[in-house]
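Trainee: Got a minute to walk me through this one? I'd like to start with the sheet.

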Amino acid sequence: MNDLPLSLLDDFIEPARPALRRSRQAEVRWGARVVTVGGGAPVRVQSMTNSDTVDAIGTAIQVKELAIAGSEMVRITVNTPEAADAVPHIRDQLDRMGVDVPLIGDFHYNGHKLLADSPACAQALSKYRINPGNVGKGEKGDRQFAQIVEIAAKYDKAVRIGVNWGSLDQELLAQMMDDNAKRAEPFDAQQIMYRALITSAIESAKQAEAIGLRGEQIILSCKVSGVQDLISVYRALAKRCDYALHLGLTEAGMATKGTVASSTALAVLLQEGIGDTIRVSLTPQPGEARTQEVVIAAEILQSLGLRAFNPSVTACPGCGRTTSTTFQEMAKQIDDFLRAQMPVWKTRYPGVEKMKVAVMGCIVNGPGESKHANIGISLPGTGEAPAAPVYIDGEKALTLRGAGIATEFQALVENYIEKRYGAATTAHPGVPA
Ligand code: SF4
């Protein structure tokens, strides 16, 4: 092997691609809008508001922002009678604004009562989230859980049974610890925690089916805040059931830490085919838009090649060869421009979300990356001639010079999109809806 010339290596190099996991398919519906989850559907992006639900207008506006950013379902807190009363108004407001994104109600402790007392709320929501650790204790808890499930069955709503290690069913945990203590070789505490999470989710789902919910109406989640813990739990959960799975790292944290931790955990699992809808639980930094969690979730899916949401901008990191910030500014300007146009472009120019744009800092890798993109520009590095070659569909098309390079390149990108995608009338092949 060591003496073999590289050209003689004839073993096939397997291209990496996400695995497929078979699951039942849930449907989360509002009007004509049907968001399928699992069962071969594209992995969905979802998010949650942090507005006061009682503020129906403010919440509707935030839901709309999240939907425009790419969230295909939006969860709202329903924690009081006032919040439950606000839900139909939020729905009405969204419908008036032409936003048909399905709403998910997040219930803890009193969900059974809120849903029973407010049929309008129960109907305006498209999916209910129940945390088995927060529905009550013992027989009372079973009764309250059953009440929510019966209402979901009555209105044909999807349900997420969402277990969280921060609010794990304490009775179940105590029972499992007692049973474990009786074993000849007891498991360690981590194993018990994993098993309690999975057992709580699957047993609750079976209970919901016994009450009258179809398996296709159920989505499961078992959220923890440690990356390795999440991977361990979801691998085991995915093997033990065929329900659609909601995937997310809970309490991921802020900024870089939250982004990296979520991306790391979700990427490993999504590559294994585990996860049918994702949420990035990012703590917004003061002043940061709530939509950032949607942007990150979409980027995770797009980076893995699972979905295409926005044209991608390839930009080099820069180095000592390019000492000005021109190309950084230009890469950002193009990226911002493309994202801002997408709400309109995604219907006007089907397939544009798969476009690749390259903005490179010098001629070392610039022309090569540009040739691999639909359209790319290679800016002059330090000491290079003040000229920026532009490549279109792999061929050098022209050279830009002078102070207006950024504006001229943006116009070239727009022109390319119009010509390449403007004539299309149907969705681009292979691009999931
Ligand atoms: S393309 Fe040029 S400027 Fe960019 S990282 Fe490579 S060598 Fe540096």
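**The open sheet**

Mentor: Sure: five strands make an open sheet, ordered 13-14-15-16-17, with mixed pairing. Strands here are DSSP E runs of at least two residues, helices H or I runs of at least four, both numbered from the N terminus, and two strands pair if DSSP finds at least two bridges between them.

Mentor: It's a predicted model, so local features need pLDDT of at least 70, side-chain atom pairs count only at pLDDT 80 or more, and totals for chains, interfaces and linings use all residues. Residues are numbered from 1 along each chain as its sequence is written, and side-chain values use heavy atoms, leaving out hydrogens and water.

Trainee: Which are the edge strands?

Mentor: Strand 13 (312-315) and strand 17, each pairing on one side only.

Trainee: And how do strand 16 and strand 17 run?

Mentor: Antiparallel, with five bridges joining residues 388-392 to residues 395-400. They form a hairpin with two residues between them, and Asp393 in the turn has a positive phi of about 50°. Ile392 stands opposite Glu395.

Trainee: New topic: which residues are around the ligand?

Mentor: Among them are Cys316, Cys319, Arg321, Met360 and Cys362; being near means a heavy atom within 4 Å.

Trainee: How does that shell divide?

Mentor: Five nonpolar, four polar and one charged. Ala, Val, Leu, Ile, Met, Phe, Trp, Tyr, Cys and Pro count as nonpolar, Asp, Glu, Lys and Arg as charged, and the others, including Gly, as polar.
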